[in-house]
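Welcome! Here is a short guided look at one protein model, for anyone meeting it for the first time.

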Amino acid sequence: MSREKYTGGVHAVRQLLDDGAVRRLFVADNKKSKNVAALVADARACHVPVETVAFYEIDMMLPGVRHQGIAALSESQEQAANWQDAVAGIDKPLILVLDSIQDPHNLGACLRSALAAGVHAVLIPNNRAADITPAVAKVACGAADVLPIYKVSNLRREVEAMQHQGIWVVGGAGEAAQTIYATDLNLPLAIIVGNEAEGIRHGLREQCDFLARIPIDAAMESLNVSVACGVMLFEARRQRLFAG
């Protein structure tokens with residue numbers, strides 16, 4: 001089965017078009033930029049219907065989104081019912097747990113990095129966190145349509161279930177004794193990243209099998225959460241690639 005949704009913005013639409021997920025393209029009648037023209041040309045070359053509409057019509061498709069006068073009606077496959085099914089049969093699954101990320105741009109950037117790093121499932125809490133909105137989807141550049149993302153009511157319970165399945169859990173923490181480069185991430189692994197202000201909540205932090213930090217220069221206190229998320233994910237990917 002599949003589901004349909006609207007996505008706006010040049011980069012997000014480009015990613016969907018490259019993935020072959022666009023079913024119809026909508027372009028505002030007052031948009032003449034080279035980027036939009038290139039998308040229209042590529043869509044027509046792929047036999048994707050292109051429809052010229054008024055700018056306000058795209059506003060109605062994507063309320064509150066800076067869509068740049070372009071929107072795509074895309075189709076994505078229904079994801080597995082739960083994260084357990086999403087990682088079933090994978091020898092060394094890589095799961096991303098986002099603990100109460102509240103800024104939509106940070107959430108979208110984390111999802112974009114997760115897809116690029118080969119993450120198999122993403123968990124976010126039902127409450128006290130940004131939702132997967134069109135604004136998040138735009139920043140994620142198509143990742144929100146591809147990644148298996150699960151909203152859960154109790155992250156601690158899900159993390160405990162992961163550990164029972166033999167998945168190791170590492171939390172990102174600036175005060176951790178060991179760095180991510182001295183930590184074995186070539187394991188069945190869940191990486192937890194905390195929110196912008198408080199980091200990982202105390203209960204989740206206590207559940208982690210180990211904590212690890214990104215070594216940064218003393219001139220800077222911390223990294224943006226989406227940057228830190230990307231660094232941790234790609235260190236895990238690097239270790240897996242070099243391990244063969």
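## A first tour

Ser100 counts as buried, because its relative accessibility is 1% and the cut-off for buried is under 20%. Please keep in mind along the way that this is a predicted model. Ser100 belongs to the loop that runs between strand 5 (94-98) and helix 5 (104-117). Its backbone deserves a look too: Ser100 has a positive phi of about 60 degrees, although it is not a glycine. As background, most residues other than glycine have a negative phi.

Arg128 also has a positive phi, of about 55 degrees, and is not a glycine. You can find Arg128 in the loop between strand 6 (121-125) and helix 6 (134-140). Is Arg128 buried or partly exposed? With 44% relative accessibility, Arg128 counts as partly exposed.

The table sets out some loop residues with their accessibility.

| Residue | Loop | Relative accessibility |
|---|---|---|
| Ser33 | between strand 2 (22-28) and helix 2 (34-45) | 33%, partly exposed |
| Ser100 | between strand 5 (94-98) and helix 5 (104-117) | 1%, buried |
| Arg128 | between strand 6 (121-125) and helix 6 (134-140) | 44%, partly exposed |

Ser33 also helps to give a sense of scale. From C-alpha to C-alpha, Ser33 and Leu185 are 44 Å apart in space, and 152 residues separate them in sequence.

Now let us turn to the largest pocket. How much space lies in it? The largest pocket holds about 550 Å³. Its lining is made of 26 residues, and those nearest the centre are Gly172, Gly174, Ser222, Leu223 and Ala228. Two or more lining residues come from each of strand 9 (189-193) and helix 10 (225-243). Helix 10 gives the most, with 3 residues. By kind, the lining of the largest pocket divides into 12 nonpolar, 8 polar and 6 charged residues.

Leu223 brings us to the surface as well. Together with Ile216, Met220 and Val227, Leu223 makes a nonpolar surface patch of about 330 Å². Leu223 is also among the residues nearest the centre of the largest pocket. Where does Val227 lie? Val227 is part of helix 10, the element that gives the most to the lining of the largest pocket. Val227 counts as partly exposed because its relative accessibility is 42%, and partly exposed covers the range between under 20% and over 50%.

Note on methods
Residues are numbered from 1 along each chain as its sequence is written. This is a predicted model: local features need pLDDT of at least 70, side-chain atom pairs count only at pLDDT 80 or more; totals for chains, interfaces and linings use all residues. Side-chain values use heavy atoms; hydrogens and water are left out. On a 1 Å grid over the protein atoms alone, a cavity is a set of points where a 1.4 Å probe fits but cannot get out, and a pocket is an open set with protein on both sides within 12 Å along at least five of seven lines; lining residues have an atom within 4 Å of a point. Grid points are joined across faces, edges and corners, and a volume is the space filled by probe spheres set on the points. Helices (H or I, at least four residues) and strands (E, at least two) are DSSP runs, numbered from the N terminus. Ala, Val, Leu, Ile, Met, Phe, Trp, Tyr, Cys and Pro count as nonpolar, Asp, Glu, Lys and Arg as charged, and the others, Gly among them, as polar. Patches are made of residues with over 30% relative accessible area and no salt bridge: like charges are joined within 9 Å, nonpolar side chains (Val, Leu, Ile, Met, Phe, Trp, Tyr) within 5 Å. Accessible areas come from the Shrake-Rupley method with a 1.4 Å probe; for residues, only the protein chains shown count as cover. A salt bridge is a side-chain nitrogen of Lys or Arg within 4 Å of a carboxyl oxygen of Asp or Glu. Buried means under 20% relative accessible area, exposed over 50%, partly exposed in between (1.4 Å probe, protein chains only).
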